[in-house]
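Here are some short exercises to work through with the structure open beside you. Try each task before reading its solution.

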Protein chains: 4
Amino acid sequence: MKLEGVEIEDTFAEAFPIKVARVLITAVNEKWAMETAREATGFGTSVIGCPAEAGIDRVLTGDETPDGRPGVAIMICHFKKDGIKEQLLGRLGQCVFTAPTTAMFNGLDAEEKLPIKLHFFGDGFEYEKEVGGRKVWGIPMMEGDFICEEEYGVKPGVAGGNFFILAKDQMSALIAAENSVAAVRQVEGTITPFTGGIVASGSKVGSKYKFMHASTNEKFCPTLRDKVEGSQIPEGVNGVYEIVINGVSEEAVKKAMRIGIKAAVKVPDIVKISAGNFEGKLGKYQFQLRDVLGL
Amino acid sequence: MKLEGVEIEDTFAEAFPIKVARVLITAVNEKWAMETAREATGFGTSVIGCPAEAGIDRVLTGDETPDGRPGVAIMICHFKKDGIKEQLLGRLGQCVFTAPTTAMFNGLDAEEKLPIKLHFFGDGFEYEKEVGGRKVWGIPMMEGDFICEEEYGVKPGVAGGNFFILAKDQMSALIAAENSVAAVRQVEGTITPFTGGIVASGSKVGSKYKFMHASTNEKFCPTLRDKVEGSQIPEGVNGVYEIVINGVSEEAVKKAMRIGIKAAVKVPDIVKISAGNFEGKLGKYQFQLRDVLGL
Amino acid sequence: MKLEGVEIEDTFAEAFPIKVARVLITAVNEKWAMETAREATGFGTSVIGCPAEAGIDRVLTGDETPDGRPGVAIMICHFKKDGIKEQLLGRLGQCVFTAPTTAMFNGLDAEEKLPIKLHFFGDGFEYEKEVGGRKVWGIPMMEGDFICEEEYGVKPGVAGGNFFILAKDQMSALIAAENSVAAVRQVEGTITPFTGGIVASGSKVGSKYKFMHASTNEKFCPTLRDKVEGSQIPEGVNGVYEIVINGVSEEAVKKAMRIGIKAAVKVPDIVKISAGNFEGKLGKYQFQLRDVLGL
Amino acid sequence: MKLEGVEIEDTFAEAFPIKVARVLITAVNEKWAMETAREATGFGTSVIGCPAEAGIDRVLTGDETPDGRPGVAIMICHFKKDGIKEQLLGRLGQCVFTAPTTAMFNGLDAEEKLPIKLHFFGDGFEYEKEVGGRKVWGIPMMEGDFICEEEYGVKPGVAGGNFFILAKDQMSALIAAENSVAAVRQVEGTITPFTGGIVASGSKVGSKYKFMHASTNEKFCPTLRDKVEGSQIPEGVNGVYEIVINGVSEEAVKKAMRIGIKAAVKVPDIVKISAGNFEGKLGKYQFQLRDVLGL
């Protein structure tokens, strides 16, 4: 299969169930909504070594937020509901509540809701009011009053949607991956949780070192192409990046994969697009590139 | 006391000992060094509710890095050595190791060093080489080879250096606080760990709610000025922000406070600069504004 | 009249006919489309002292551009058709044609078209092809081949749509003005040609110096409020900015004014919104704030 | 010759005399100093088709500016003194004078000074004061008072310092060129006047079309490599960019070339660095790469 002259491997991305919360952060301007979103979602690339998988969903105009101010929607993901609650409390309480000019609102229409009771910080000076048809708390603080909703929806989502960008060289792969991430940023209900949205390392289960559960996947290392047997790096490929996508639904992840891949293949010297899976043995969800791209 | 026409309160900032590590992240360009530094230091405003206090120290030119590439120095702080090690392993392993084009090096000349053994991920394909006179590991991965040092210095530092910016209105306070943070970004060995470097809320110990250990300090809330007794908000002040500074040494924190305050008072409608303390009862370090500013 | 608690003066903006061209600049990523758009529209605040009035209309996703790459739409305005042609030739030829990875396309559906014959630079190596259903030239150059359309639509537009933001202090006025400009950036077919979209100075016709045709309007200077007779600066106002808007049509300017004002009044300490006119004596177009805002 | 494994061609850049002015723009924050610097230096890539060659020299901290605020130094170049004066009047008067929170000061220690009499705009309300030991004008306007010096130094400088980056592919060349421009941004007294600092097209004198004075240099077009005789594009090179540097002195240009080239060769897949000249027939200045790099 080909898309804009770039080979699309006939394979699939394998993904997993995860719990997702989504929060709308608003501020006096987009700069502070974004700054706050970044702090609140930092140290959140993978639950393997981070306390959550978190990232920026989408920038919101004043027309799209409860208080009519510029905003940024973020998503926080964890395998367990308790984990989500703990992460919301920590990340919202420490990184949004303390941040200049911000307010926060639930960003997910979900049956299940988690109470995040930051208003008790108000020490009795907190008060209830309505903003954009929502019941919120006002909490007096040093800069003025902080506004927040109390309950945040949580629902089952999808973790680990993905695709790989293989290029003639590392810099072409990098710019293509950057463009994919920028394009996915437009797709509501999805995040690319890794640093800047891009994964530079690939892993396999197990290692020659007994104390390691995972290790570099030597078959996907361009610099080992001629040194290991069975390398999966095609001739002429010298740089590979992966885009990992979490979403609120299969549809959202599928749309993000399509838009991300379409952005990548526009960059010169992209050789191939592939996807990562465990032969269907581990994940609940499968995203066939053929299907994702309508090829 | 006055500085550029702005009243400087004759008081002091009270600060605490903390353990500090400092890491140099380099990348193919400043964009990716900064992107990685932000992810690695996110969710790191205060150890009260975050796993660490972390932030960006300084942008580095190619002349200042071991591999001659653009870089960003970050600092990670924790009250315990074990905590620092765990945080380095998690934040460097998950947010830097996986990030495109990055390398990482120790950024602190310290007697005590913590081993961060990411190279075992190489599964036997890792190798040693020298970069900028330092022994480093090369670890083959998808994008190419990741380069990192193994040992990272840790030493006693200072947490909680601070000053307050009181302004006629919130927006003037905000721009002054932004300028303070930008100025402190130039001072080697210091970070402003809160979101965007700015703290919008002030707290006191205790609460009328028995389950809360801390609560809003109503005496520092402009919107409660006329509703509580003993408000510390001067007449005509409607917005207050705090800049919190952690540093590798008292000297670094002192310099950062001076440069940060000098940047703030240049903004119109700043009424007063103050600092936060516990009357000398809790912290090991005291930074008198009189002394910091040479007044 | 009031909008979100801010007084709206019952007055109107007076605007003028101007010729408008609109060009779509695409590039390998948004960064380079924007960088190029900025160079091509620089030195273009007002035809009183600049060779054109020019600015950035809107950021375009790959779905919105002829070649499927990220883009930025710019507008170039001049009172005369000859002036527009000269400016297109100079600005496109010197600032877009030479810029990395860019392509350019007509961005205006207009009866009248101006030929911009940059392809002769190809010295016979230029060739015709089709991109996104449009006939374009390919011109070999150092980086690869430059792609551009030959004809650019020009049509009558509107110059000088405007509103004023009056605030308690300068910094609140500044942030409100920034937010207005960011909001107008979303409105297709409009630009805010001044530096960063904001005008800091107001003028009147004539001067006590005979060689000056225009001079500062002392009745709109906060620092002269108590020194001149008939000051138009209300009590408590200490900072005023004007947003000037050019557009492809009256409808576009009207929409931009509405969205810009709505963004401004969300910022704290905004006292009043007004608009500038010449009592209807000079301009062809009038935009009543009452009508613009539906009040 | 080689630098970091990259071939350095043993050739030279040929450059020309030009008149240079240098202006310090300060503002309430770096954002507005930079925004203003960009507008004031836009449409200024080459005097062949722009009214001036202009660009951003360096970002300035509060310690480096007359008024202690953040700043940006810009340079404006023209072959004639009259041209410089006209350009200063237009660019400073229309793009800086009208911009929010800005002030401007002479940035060049030169014997010859050009008077730029913007203060008459004050209509008699203008006043003299001292800022940072300089005599300046204060001019009341809508946002408050604009501060500017009256006289701006002009002196002979150098135009057209340059080097070429040849890479395996276009994206590697682009990132290397971006890094060169970022590095040159640190060198006081130099600008890279083209869009984003990078030139994507190369020209030769003359054309097969009689009405064209210059045309694409087909010997430097990668896509024509196998179609023309005597191509100068080495095998394996698919993307070439040029960095053009203007400076206040030969020393400044030489330093900028060295630092720019050192930044470029750090990027993967750079094949060769060269420079452009007219065999010494046209320009007054020669910069031998051997000498520039100390090889």
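**Exercise 1.** Find which domains chain A is assigned, and describe where they touch.

Step 1. Chain A has domain 1 (2-14 + 157-293) and domain 2 (19-155), with bounds from an automatic or database domain assignment. This is a predicted model, where local features need pLDDT of at least 70 and side-chain atom pairs count only at pLDDT 80 or more, while totals for chains, interfaces and linings use all residues. Residues are numbered from 1 along each chain as its sequence is written, and chains are lettered from A in the order in which they are written.

Step 2. Between the C-alpha centres of these two domains of chain A lie 30 Å.

Step 3. In chain A, 14 residues of domain 1 are in contact (C-beta atoms, placed from the backbone, within 7 Å) with 16 residues of domain 2.

Step 4. On the domain 1 side in chain A, five residues are nonpolar, seven polar and two charged.

**Exercise 2.** Describe the contact between chain A and chain C.

Step 1. Each partner is counted: 17 residues come from chain A and 17 residues from chain C.

Step 2. Helices α3 (170-184) and α4 (250-264) of chain A each supply at least two residues of the chain A side; helices here are DSSP runs (H or I, at least four residues), numbered from the N terminus.

Step 3. The most comes from α3(A), with five residues.

**Exercise 3.** Which residues touch Ile165(C), leaving aside its neighbours within four places in sequence?

Step 1. Within chain C, the partners include Ala173(C), Ala176(C), Val240(C), Tyr241(C) and Ile273(C).

Step 2. Ser180(C) also belongs to this set.

Notes. Two residues are in contact if their C-beta atoms, placed from the backbone, lie within 7 Å. Ala, Val, Leu, Ile, Met, Phe, Trp, Tyr, Cys and Pro count as nonpolar, Asp, Glu, Lys and Arg as charged, and the others, Gly among them, as polar.
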